[in-house]
Amino acid sequence: MKHKIVLIPGDGIGPEIVGEAKKVLDQVCQKYGHEFEYEEVLLGGASIDVHGIPLTDDAIATAKSADAVLMGSIGGNTATSPWYQLEPSKRPEAGLLRIRKELNLFANLRPAYLYSQLKDACPLRADIIGDGFDMLIMRELTGGLYFGDRKTYEENGLATAMDTLVYNEAEIRRIAVKGFEIAKKRRNKVTSVDKANVLDSSRLWRKVVEEVAADYPDIELEHMLVDNCAMQLVRDPGQFDVILTENMFGDILSDEASMVTGSIGMLSSASLNETKFGLYEPSHGSAPDIAGQDKANPIATVLSAAMMLRYSLDLDKEADAVEQAVQKVLEQGYRTVDIMSDGCTCVGTKKMGDLLAEAIQ
Ligand code: IPM
Ligand code: MG
């Protein structure tokens with residue numbers, strides 16, 4: 001089958017990890033007789049350096065013309081990079097927010113899973129880890145504080161700043177439906193996270209989530225306040241299946257959940273719209289401190305490519321093959337430096353990509 005994929009290498013370690021994911025996809029094409037046509041576009045700092053802005057209209061049009069987008073990571077060192085001397089709307093992150101909005105990628109899926117081979121990397125005590133954990137954060141990605149009105153102004157002689165958190169019921173309903181649908185394919189539990197004891201937007205969130213839940217009688221729904229959720233993630237991560245939450249809470253909780261796995265270099269993500277189209281990227285950042293040193297772990301990007309095969313291209317068996325290749329290479333004891341432990345073999349980014357490509361069955 002023929003598919004068009006847009007690649008966004010981005011900044012920092014982005015080009016290295018996307019290169020390895022492409023290596024694995026090339027192997028998938030060869031083994032399973034598919035043809036992927038690739039086109040690269042610039043986003044973030046890479047686009048600022050060439051065009052002066054973090055995302056061009058052309059780049060958006062190219063992304064829209066594809067079946068899916070596979071991205072590395074964007075951004076630089078906020079203290080030292082000249083990109084952060086620019087006004088906020090011209091910085092790398094503004095490009096990421098714009099592409100999410102323009103492509104209507106409202107559903108952000110962030111799995112946080114404890115690999116049995118990497119249990120030692122988990123910062124939690126063995127009795128807390130128990131049999132491990134496997135959760136998915138369903139984060140709303142195109143609303144809330146990120147996209148509400150904001151301004152910085154002076155009032156009564158004082159510098160003042162304002163951000164607004166707005167959701168309408170349709171925005172809440174569509175992400176809730178995605179959350180329940182995915183829970184149906186997992187362990188039938190949704191934890192909806194809000195701050196309904198304080199925020200109006202959270203009270204509406206809770207009401208709409210309950211309405212949606214009525215259509216899913218087999219799925220257990222619980223509500224949890226966001227501060228409690230942050231605590232429960234380190235107290236008993238095994239209790240969670242799908243965590244459904246708004247944009248800002250999801251941003252924060254997904255970093256926490258990924259750290260709890262001990263191996264953020266392993267975690268993939270998908271951002272989807274109403275159709276099959278999606279943008280796939282690792283959950284980690286652009287790690288400018290190790291860029292270009294063959295140290296980055298490409299596995300999160302490779303697993304994001306597996307999500308792309310599954311959700312956007314309907315290639316389930318190929319996605320399984322990529323996920324199994326990751327398991328196999330870990331079982332063989334190969335590790336990048338971020339997940340290295342005693343008795344394993346430490347390999348660089350490229351070697352890890354080679355091993356994963358070879359392991360595709
Ligand atoms: C993420 C990142 C982004 C976000 C930044 C880079 C704007 O932290 O994808 O989680 O806050 O959404
Ligand atoms: Mg984040």
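**Exercise 1. Decide whether Y38 is buried, partly exposed or exposed in this predicted model, and then describe the aromatic pair that F36 and Y38 form.**

Solution. Begin with the relative accessibility of Y38, which is 22%. Buried means under 20% and exposed means over 50%, so Y38 counts as partly exposed. Apply the same cut-off to F36, whose relative accessible area is 10%; because this value is under 20%, F36 is buried. Now turn to the geometry of the pair: the ring centres of F36 and Y38 lie 6.4 Å apart, and their planes stand at 85° to each other. An angle over 60 degrees counts as edge-to-face, and therefore the pair of F36 and Y38 is edge-to-face.

**Exercise 2. Work out how the rings of Y113 and Y115 are arranged, and how many aromatic pairs the count comes to.**

Solution. The centre-to-centre distance between Y113 and Y115 is 4.8 Å, with 85° between the planes, and this aromatic pair is edge-to-face. As for accessibility, Y113 is partly exposed at 30%, whereas Y115 is buried at 9%. The count of aromatic pairs comes to four.

**Exercise 3. Find which ring lies under K101 and which ring has the charged end of R174 over it.**

Solution. Take the lysine as the starting point: K101 lies over the face of F147, at 4.7 Å from the ring centre. Then consider the arginine, where the charged end of R174 sits over the ring of F106, 4.1 Å from the centre of that ring.

**Exercise 4. Describe the interface of domain 1 and domain 2, beginning with where the domain assignment places them.**

Solution. The assignment gives domain 1 as 1–109 + 264–361 and domain 2 as 123–260, and their C-alpha centres lie 24 Å apart. Next, look at the contacts, in which 16 residues of domain 1 meet 14 residues of domain 2. The two domains bury about 1500 Å² between them, with 64% of it on carbon and sulfur atoms. Finally, the rule finds zero salt bridges across this interface, while five residue pairs are in polar contact between domain 1 and domain 2.

Key: Residues numbered from 1 in each chain as written. Chains lettered and ligands numbered in written order. Predicted model: local features only at pLDDT ≥ 70, side-chain atom pairs only at ≥ 80, totals over all residues. Heavy atoms only, no water. Phe/Tyr/Trp six-rings, centres within 6.5 Å; stacked < 30°, edge-to-face > 60°. Buried < 20%, exposed > 50% of the residue type's maximum accessible area, 1.4 Å probe, protein only. Lys NZ or Arg CZ within 6 Å of the ring centre and 35° of its normal. Domains from an automatic or database assignment. Contact = heavy atoms within 4.5 Å. Buried area = accessible area lost by both parts, 1.4 Å probe. Salt bridge = Lys/Arg side-chain N within 4 Å of Asp/Glu carboxyl O. Polar contact = N/O pair within 3.5 Å; in protein donor to acceptor, adjacent residues only side chain to side chain.
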